[in-house]
Amino acid sequence: MGVLDGKTGVVMGVASERSIAWGIAQTLHQEGARLAFTYAGEAMERRVRPLAESLGSKSVVPCDVTNDGEIAQAFEAIGREFGGIDLLIHSLAFANREDLKQRFVETSRDGFRVALDVSAYSLVAAARAALPFMKGRRGSIITMSYYGAEKVIPNYNVMGVAKAALEAGVRYLAADLGPEGIRVNAISAGPIKTLAAAGIAGFREMLHRAESGAPLRRNVTLQDVGGAALFLCSEWAAGVTGEVLYVDCGYHIMGMGDLSPT
């Protein structure tokens, strides 16, 4: 018996086998969840569909998160196929590459809009579309954040602002949807080598600093994040909502890195 036997879920944001969303999907599938996947564009479909099929899922639907109509269609199709939705994994973020290379003060108006739309507002839009199919099912919505939401991380720039908005959105959605029995939480994962991370200058240095400065002296893995997501999706976390759960080997608790005596 799996922890999530009989549960259905939507996973948004799988881009490759190294995606955080994929690590979460594998864990949820192993524990019995039936999953559907969304993608944006034909190129991404070619990546997502084989991965979904490897988990026995043929529910792979297009969903451009900047288009409310397409979001609604995607959740309508999935919700009707599954007869309801219990879980929503939102692992989506985007910022223009130039806005991650230059100083934050030089962020363009359009770049700011795009980053906030895709990285933060899309959670609100997805939750709204999922709501009719989650009512009465004690559902769980999880999104992905990062430490740059609360502290300045070099080269993270407008994405840090977008993640801060995302975390605030988690709290407001948790308050809105709590009376429906739906929980909303975020996971703030340490740096992991993903396609999205490749767009951040100095990412290897971020990995090195996280490993050397974290109490556990290692970087997090997809399995670490998957386990945390399983907890938040399960009845084990029935009383947890509006939270940001750090899965970063303890890095965020440190003030000045390694202060152990020599």
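The following legends describe close-up views of a predicted model.

**View 1. The open sheet and its strand order.** Seven strands form an open sheet in the order β3-β2-β1-β4-β5-β6-β7, and their pairing is parallel. The edges are held by β3 (60-62) and β7 (244-247), each of which pairs on one side only. Direction ignored, neighbouring strands of this sheet are turned by 20° against each other on average.

**View 2. Pairing of strands β1 and β2.** Strand β1 (residues 8-12) and strand β2 (residues 34-39) run parallel and are joined by five bridges. Within this pairing, G9 stands opposite L35 of β2.

**View 3. Helix α3 on the sheet.** Helix α3 packs on the sheet and touches β1, β2, β3 and β4 (87-90). The direction of α3 makes about 160° with that of β2.

**View 4. Helix α8 on the sheet.** Helix α8 (residues 222-233) also packs on the sheet, where its contacts are with β4, β5 (140-145), β6 (183-189) and β7. An angle of about 165° separates the direction of α8 from that of β6.

**View 5. The contact of helices α3 and α5.** The axes of α3 (residues 68-82) and α5 (residues 109-134) cross at roughly 35° and come within 9 Å. The crossing of α3 past α5 is right-handed. On the α3 side the contact comprises D68, I71, A72, F75, E76, G79 and R80, which meet Y121, A125, A126, R128, A129, A130 and F133 of α5. Sorted by class, the residues of this contact are nine nonpolar, one polar and four charged.

**View 6. The contact of helices α5 and α6.** Here the axes of α5 and α6 (residues 157-177) come within 8 Å and cross at roughly 20°. Because this angle is under 35 degrees, α5 counts as roughly parallel to α6. The crossing of α5 past α6 is right-handed. From α5, the residues in contact are F112, A115, L116, S119, A120, L123, V124, A127 and L131. Their counterparts in α6 are V158, M159, V161, A162, A165, L166, V170, L173 and L177. The contact of α5 with α6 has 17 nonpolar residues and one polar residue, with no charged residues.

Definitions and conventions. Residues numbered from 1 in each chain as written. Predicted model: local features only at pLDDT ≥ 70, side-chain atom pairs only at ≥ 80, totals over all residues. Heavy atoms only, no water. Axes fitted to C-alpha atoms, helices over the stretch in contact; angles between N-to-C directions. Helix = DSSP H or I, 4+ residues; strand = E, 2+ residues; numbered from the N terminus. Left-handed = near helix turned anticlockwise from the far one by under 90°. Contact = heavy atoms within 4.5 Å. Nonpolar A, V, L, I, M, F, W, Y, C, P; charged D, E, K, R; others polar. Parallel < 35°, antiparallel > 145°, perpendicular 65-115°, else oblique. Pairing = 2+ DSSP bridges.
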